[in-house]
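Please open the model in your viewer with the sequence panel beside it, and keep the selection tool at hand. The tour goes from one selection to the next.

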Amino acid sequence: MRLMSFTIGGRASFGLASDQGVIDAGKRLSGEFRSLRDALIADALPALRKLEKSKPDYALADVEFLPVIPDAAAKLLCIGINYVPHMKEMGRERPEHPVVFVRFMDSVVGHGRPMLRPAESVQFDFEGELAVVIGKRARRVSRAKAFDYVAGYTCFNDGSVRDYQRHSQQFTPGKNFHASGAFGPWLVTTDEQPDPRKLRLTTRLNGAVVQDESVGELCFDVPQLIEYCSAWSQLEPGDVIVTGTPSGVGARRTPPLWMKSGDTVEVEISGIGVLRNPIADDKPR
């Protein structure tokens, strides 16, 4: 299944996406669940699967995409410096443990919505990434059982304001400007994508390929990340682990390649889809 969150006519909902359109699960299930995260918490994937052959309620073009998990209560854990080639371009040694930082949900937008370059900086960089959505409560999960706790996978753009990221050893300021990242277009469940190591991630800026890597190049793979993160944080359904970006980031180019207003950035992951966002300037108040 491809599961998505969206708004239509000012009403937020969630549902199933296909080439034919969108099935509004929020409406069809009589408002039983407020969001996709609520459906995951209730272990309602079987109920959603029963809707797969229904006639779509809307065309994809008629809805506004929200981040796959738009709920502010969900945790968004991001992994830095996690592709081996990216470590080399950044001049970093292989870490002993995953490098983890946190993004807030109001720092990301859905597919098709503008990612905002803040007024405070021009150093706005792209980072295409694979995101893992947790499907059930995970606490001290072993690597061997980690995939049992995954609901599915989606695309992520960890838009980074590089000078603010370098203000200290903590990445948080450069990763949390309002609407600076993107998350979508939909979650593809694990029955369709059982092995993320076989996926390929490509980022394009204005149609030109800027990142292209096998997810198999991860230093810490998905089971290792779930094992590590669930050791110190109780992961809940709808929580997200963003697994890191490949080599090719704009900050390591000569001259640096920064995103600017009028650009279009795409993150494509094989078997999942394309997350596409225009870039706009965030106007100072």
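What follows is a series of selections, each with a short account of what is there.

This is a predicted model, in which local features need pLDDT of at least 70 and side-chain atom pairs count only at pLDDT 80 or more, while totals for chains, interfaces and linings use all residues. Residues are numbered from 1 along each chain as its sequence is written, and side-chain values use heavy atoms, with hydrogens and water left out.

**The N-terminal strands**

Begin by selecting residues 2–8 and 11–18, which are strands β1 and β2, paired in the antiparallel sense over 6 bridges. Strands are DSSP runs of E with at least two residues, helices are runs of H or I with at least four, and both are numbered from the N terminus; two strands pair if DSSP finds at least two bridges between them. In this pairing, Met4 has Gly15 of β2 opposite it. Now select the turn of the hairpin, where 2 residues separate β1 from β2 and where Gly9 has a positive phi of about 60°.

Extend the selection to residues 21–24, strand β3, which runs antiparallel to β2 and is joined to it by 4 bridges. Leu16 faces Ile23 of β3, and the hairpin that joins β2 to β3 passes through 2 residues.

**Glu64**

Select Glu64 next, in strand β4 (residues 64–65). Its relative accessible area is 35%, so Glu64 is partly exposed; buried means under 20%, exposed over 50%, and partly exposed in between, with a 1.4 Å probe and protein chains only. Beyond its neighbours within four places in sequence, Glu64 is in contact with Ser5, Phe6, Thr7 and Arg113, where contact means heavy atoms within 4.5 Å. Although Glu64 and Ser5 are 59 residues apart in sequence, their C-alpha atoms are 8.7 Å apart in space.

**Thr189**

Move to Thr189, in strand β13 (residues 181–189), which is buried because its relative accessible area is 2%. Not counting residues up to four places away in sequence, Thr189 touches Met1, Leu3, Ala151 and Gly152.

**The second largest pocket**

Keep Ala151 selected and add Asp43, Leu45, Gly135 and Val150, for these five are the closest to the centre of the second largest pocket among the 15 residues that line it. A pocket is found on a 1 Å grid over the protein atoms alone, as an open set of points where a 1.4 Å probe fits, with protein on both sides within 12 Å along at least five of seven lines, and lining residues have an atom within 4 Å of a point. At least two lining residues come from each of α2 (36–41), α3 (45–49) and β11 (150–157).

**The largest pocket**

Which residues lie nearest the centre of the largest pocket? Select Ile81, Met90, Arg92, Gln165 and Phe171, which hold that place among its 18 lining residues. The elements that give two or more residues to this lining are β5 (76–80), α4 (84–90) and α5 (162–165).

**Ser270**

Finish at Ser270, in the loop between β17 (264–269) and β18 (273–281), which counts as partly exposed because its relative accessibility is 31%. Apart from neighbours within four places in sequence, Ser270 is in contact with Gln193, Lys198, Leu199 and Arg200. Display the side chain of Ser270, which reaches the backbone nitrogen of Arg200 at 2.9 Å. For a last distance, take Ser270 and Leu201, which are 69 residues apart in sequence and 6.7 Å apart in space, C-alpha to C-alpha.

Note on methods
A polar contact is a pair of N or O atoms within 3.5 Å; within protein, one must be able to donate a hydrogen and the other to accept it, and residues adjacent in sequence count only if both atoms are side-chain atoms.
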